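Here is a walk through a protein model, from overall form to single residues. Keep the structure open while reading.

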Amino acid sequence: MGRQTLTPLSKNVSGWYNDVVLQSGLADYGPAKGTMVFRPYGFALWEKVQEVFNKAIKKKGVENAYFPLFIPYSLLEKEADHVEGFSPELALVTIGGGKKLQEKLAVRPTSETIIYSMWKKWYQSWRDFPVLMNQWANIVRWEKRTYLFLRTTEFLWQEGHTAHTTEKEAKEMSLWALEEYRKLYEELFAVPGIVGIKSARERFAGAMETYSVELMMPNGKALQGATSHELGQNFSKAFDFTYQDKDGKSAYPWQTSWGLSTRSLGGLILTHGDDKGLRFPPMIAPIQVVIVPIIGDGDSKVTEYVEKIQDVLLKQDVRVKIDERDCSPGVKFNEWELRGVPLRLEVGPKEIVEKTVTWISREDGERGIFNVEDISDQVKQQLSMIQKQMLKRAHKSLMANTTEVNNYDEFKKKMKNSRGFLRAFWCEDKKCEENIKNETKATTRVRLLNEKKETGKCVYCGKKSSYRWNFALAY
Ligand SMILES: [Zn+2]
């Protein structure tokens with residue numbers, strides 16, 4: 001580790017990305033095409049996401065459950081748009097226990113159908129609502145190309161599913177989930193995202209409305225960070241999922257579903273990396289502080305000294321590690337920089353005499369001295385400062401990558417060169433959207449939730465338009 005050369009991010013984003021994910025020990029390719037292995041350092045990131053998001057949903061009254069991996073094909077077929085949308089990526093099981101199955105089984109591409117087929121059995125009175133559930137699961141959607149974290153045939157996610165007695169309540173729920181995703185990205189990942197509504201073309205198969213958090217990557221491409229869907233009564237009708245309302249009449253519930261996957265970790269890696277490797281924000285970093293003893297005179301003294309510091313930090317829940325391996329400090333520095341540890345502490349004979357440690361921030365290379373006396377306060381303060389700096393930098397980059405464009409020539413030129421989010425008027429006609437995609441590869445990402453109504457001309461056809469949309473090349 002740390003010996004291979006890292007493709008510079010500034011020269012080649014995807015080359016850098018593959019190198020850094022493999023060399024830092026986050027993940028590896030699995031033996032079956034399209035699959036990936038989460039190594040412990042990478043899985044720790046997902047565990048942190050689970051910890052933070054579980055806390056948020058439980059506060060809202062959402063409970064975790066688990067539904068089967070295998071879904072009878074007939075269930076998928078019940079919602080016509082849904083099966084049509086997912087069939088190109090389905091993995092189907094046709095043989096089980098050596099025998100041909102009577103009905104083929106889909107390997108979970110998403111769980112609306114299986115969950116609602118069960119809910120229909122369990123919830124039949126208005127008193128049972130709202131139903132608020134989430135599951136952490138693996139998902140299979142067949143992919144031709146593999147891109148670690150970002151595009152793999154099997155990935156991990158959470159999927160929230162809810163059912164309500166009014167449309168208004170369902171809408172509020174899906175917007176609540178969207179806001180939780182935005183906050184998670186901003187507060188845990190130090191990644192600012194834009195939130196908005198998807199066009200009809202980009203909507204989830206079977207949804208009335210899809211909302212998403214969109215992130216801007218350093219190569220000017222947008223990454224869809226998470227989605228939240230208003231399903232209306234599409235699925236409840238397709239599944240004949242009804243309940244008795246207060247007046248004893250039969251009614252269909254209004255539903256939502258929302259998901260965040262391990263793709264998000266790809267966004268985290270890309271947003272913060274630099275030519276030296278990963279840079280993790282302290283809140284999500286599997287290791288927040290690494291202590292590197294610089295062995296000089298009196299080795300055992302150094303060991304004793306750094307272990308004491310580690311104890312104090314561990315007691316304060318700081319994720320800290322001492323690197324005592326028998327290799328040169330320079331090799332260790334490079335490796336921890338590659339692996340993105342936010343704060344490095346160095347201890348040599350000088351520090352012992354002065355009762356200090358030297359600290360170096362991975363974010364900007366800044367260095368300074370902490371007193372050992374109140375080390376945990378100073379470390380925690382520095383980590384929180386780094387977290388803020390990282391969000392600030394990412395926000396600046398998002399702003400720099402967002403441009404208003406007012407004519408199609410400018411649009412094409414920008415999309416070919418600097419890319420980023422291009423904010424342009426669009427008449428919301430599918431034809432224009434389609435043509436823009438064919439000619440520039442750019443798609444509508446979202447119309448911002450708080451986008452103000454204006455009078456403009458569609459960047460493609462010139463027809464009257466009320467809103468600017470954010471266009472970008474999708475990852
Ligand atoms: Zn148009």
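Begin with the core. This is a predicted model. In it, isoleucine 269 is in contact with Tyr17, Val20, Val21 and Leu278, leaving aside its neighbours within four places in sequence. Ile269 belongs to the largest nonpolar core, a set of 92 residues. Ile269 is among the residues with the most contacts inside that core, together with Val21, Tyr181, Val289, Ile291 and Ala424. Which helix gives the most to this core? Helix 6, residues 167-188, does so with eight residues. A second core is separate and has twelve residues. Ala163, Met208, Ala238 and Phe239 are included in this second core.

Now step back to the whole chain. The secondary structure comes to 14 helices and 25 strands. The radius of gyration is 25 Å, close to the 23 Å that the globule rule gives for 475 residues, so the protein is as compact as a globular protein of that length. The C-alpha trace spans about 80 × 55 × 50 Å along its principal axes. Buried residues make up 40% of the 475. Long-range pairs matter in the contact count: among contacts with a separation of 6 or more, 68% join residues 24 or more positions apart.

Next comes a sheet. Strands of a sheet pair through backbone hydrogen bonds, in either a parallel or an antiparallel sense. The sheet to look at here is open and has five strands, in the order 16-15-17-18-19, with mixed pairing. Strand 16 (320-322) and strand 19 (367-371) are the edge strands, and each pairs on one side only. On average, neighbouring strands of this sheet are turned by 25 degrees against each other, direction ignored.

Take one end of the order. Strand 15, residues 289-293, pairs with strand 16 in the parallel sense, over three bridges. Isoleucine 291 stands opposite isoleucine 322 of strand 16. Ile291 has appeared before, as one of the residues with the most contacts inside the largest nonpolar core.

Two helices pack on this sheet. Helix 9 (residues 299-315) touches strand 15, strand 16, strand 17 (343-347) and strand 18 (356-361). The direction of helix 9 makes about 170 degrees with that of strand 15. Helix 12 (residues 375-400) touches strand 15, strand 17, strand 18 and strand 19. The direction of helix 12 makes about 145 degrees with that of strand 17.

Go to the other end of the order. Strand 18 and strand 19 run antiparallel, joined by five bridges. Tryptophan 359 stands opposite glycine 368 in strand 19. These two strands form a hairpin, with five residues between them. Glycine 365 sits in the turn and has a positive phi of about 75 degrees.

Just ahead of this hairpin is a backbone detail. Lysine 355 lies in the loop between helix 11 (349-354) and strand 18. Phi of Lys355 is near 55 degrees, a positive value in a residue other than glycine. Is Lys355 buried or exposed? Lys355 has 11 other C-beta atoms within 10 Å, and 12 or fewer counts as exposed.

Alanine 190 offers a second case. Alanine 190 lies in the loop between helix 6 and strand 9 (194-197). Phi of Ala190 is positive too, near 55 degrees. Ala190 is buried, with 27 other C-beta atoms within 10 Å.

A further pair of strands deserves a look. Strand 20 (residues 402-404) pairs with strand 21 (residues 421-425) in the parallel sense, over three bridges. Glutamate 404 has arginine 423 of strand 21 as its bridge partner. Strand 21 is mostly covered, with four of its five residues buried.

Finish with helix 5, residues 112-122. The buried residues of helix 5 are Glu112, Thr113, Ile115, Tyr116 and Trp119. Why do they line one face of the helix? Seen down the axis of helix 5, they fall within an arc of 160 degrees, so they share one face. The face turned away from this buried side carries the exposed residues Lys121 and Trp122. Beyond helix 5, in the loop that leads to strand 7 (131-140), lies proline 130. The peptide bond from phenylalanine 129 to proline 130 is cis, with omega near 0 degrees.

Note on methods
Residues are numbered from 1 along each chain as its sequence is written. This is a predicted model: local features need pLDDT of at least 70, side-chain atom pairs count only at pLDDT 80 or more; totals for chains, interfaces and linings use all residues. A nonpolar core is a set of buried Ala, Val, Leu, Ile, Met, Phe, Trp, Tyr and Cys residues joined through C-beta atoms within 7 Å. A residue is buried if 20 or more other C-beta atoms lie within 10 Å of its own, exposed if 12 or fewer, and partly exposed in between; C-beta atoms are placed from the backbone. Two residues are in contact if their C-beta atoms, placed from the backbone, lie within 7 Å. The arc is that of the directions from the helix axis to the C-beta atoms. The radius of gyration is taken over C-alpha atoms; the globule rule is 2.2 Å times the number of residues to the power 0.38. Two strands pair if DSSP finds at least two bridges between them. Axes are lines fitted to C-alpha atoms, for helices over the stretch in contact, and angles run from 0 to 180 degrees between N-to-C directions.
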